[in-house]
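Biologist: I am new to this structure and would like a close look at a single part of it. Could you choose one helix and explain what surrounds it and how it is linked to the rest?

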Amino acid sequence: MFRRLLIYVVVGLLFLTACAKPPVMEMEEVRRIVAHAYASGASLLAPKEYQLANDSLQVAEELVRKGKYQEAEAALGAARNYSNKALARTVKQKQQVALEEKRLAEEKRLAEKKARVELLLKEQEQARKAAAKVKVVAPPIE
C-alpha cells in the first residue's frame, strides 16, 4: 500500500515538473529592465548592483536551459530586485552630480561677478588718482 502511494506521488511530481513552463515573459521583462539599467548608466554609477542584476539574469537563463523553472523564477526575481536598486542608485547619483554642477556653476558666476566688481573699483581708483595729478591752471589775470 505504501509503495503504491509513493509511486503515485513520485509520478505526480514528475508529471508536474514535466508540465512546468519556462518563464519566457518574465525572462524578457527582466532582460528589458537590466538593459534599461545599463542604458541609464548603472554599470558606471551603480556597478555593484548592476553586476549582481546581470549575473542573476545569466544564472536564470542557465537554469531555464536546464529546465529548472522555479529556480529560474527566483533568480529572475533577484535580477529584477538588483536592477531596480541599480536604477534607483543611478538616479540618485545623477541628481547629486546635477546639484554639484549647479553649485559649481553658481560659484563660478559669483567669482566672475566679484572679479568684475574688483576691476571696476580698480579702474575708478586709477581714474581718481589720475584726476588728482592733474593741476588746474588758472588763466592769467589781466
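Modeller: What follows is a description of helix α4 and its surroundings. This is a predicted model, in which local features need pLDDT of at least 70, side-chain atom pairs count only at pLDDT 80 or more, and totals for chains, interfaces and linings use all residues. Residues are numbered from 1 along each chain as its sequence is written, and side-chain values use heavy atoms, with hydrogens and water left out.

Helices here are DSSP runs of H or I with at least four residues, numbered from the N terminus. The 19 residues of α4 should span 27 Å at 1.5 Å a residue (the expected span being 1.5 Å times one less than the number of residues), and the end C-alpha atoms of α4 are 27 Å apart, which agrees. Among the residues of α4 that are buried (under 20% relative accessible area, 1.4 Å probe, protein chains only) are Y50, A53, L57 and A60, and what covers the buried residues of α4 includes α2, α3 and α5.

One link to α5 is a salt bridge (a side-chain nitrogen of Lys or Arg within 4 Å of a carboxyl oxygen of Asp or Glu) between R89 and E49, at 3.1 Å from N to O. This pair links distant parts of the chain, with R89 in helix α5 and E49 in helix α4, 40 residues apart. E49 is buried, with a relative accessible area of 17%.

Another salt bridge joins E62 to R65, with the closest N and O atoms 3.0 Å apart; both residues lie in helix α4, three residues apart, about one turn of the helix. After α4 comes G67, whose phi is positive, near 80°.

Definitions and conventions
Helix = DSSP H or I, 4+ residues; strand = E, 2+ residues; numbered from the N terminus. Buried < 20%, exposed > 50% of the residue type's maximum accessible area, 1.4 Å probe, protein only. Contact = heavy atoms within 4.5 Å.
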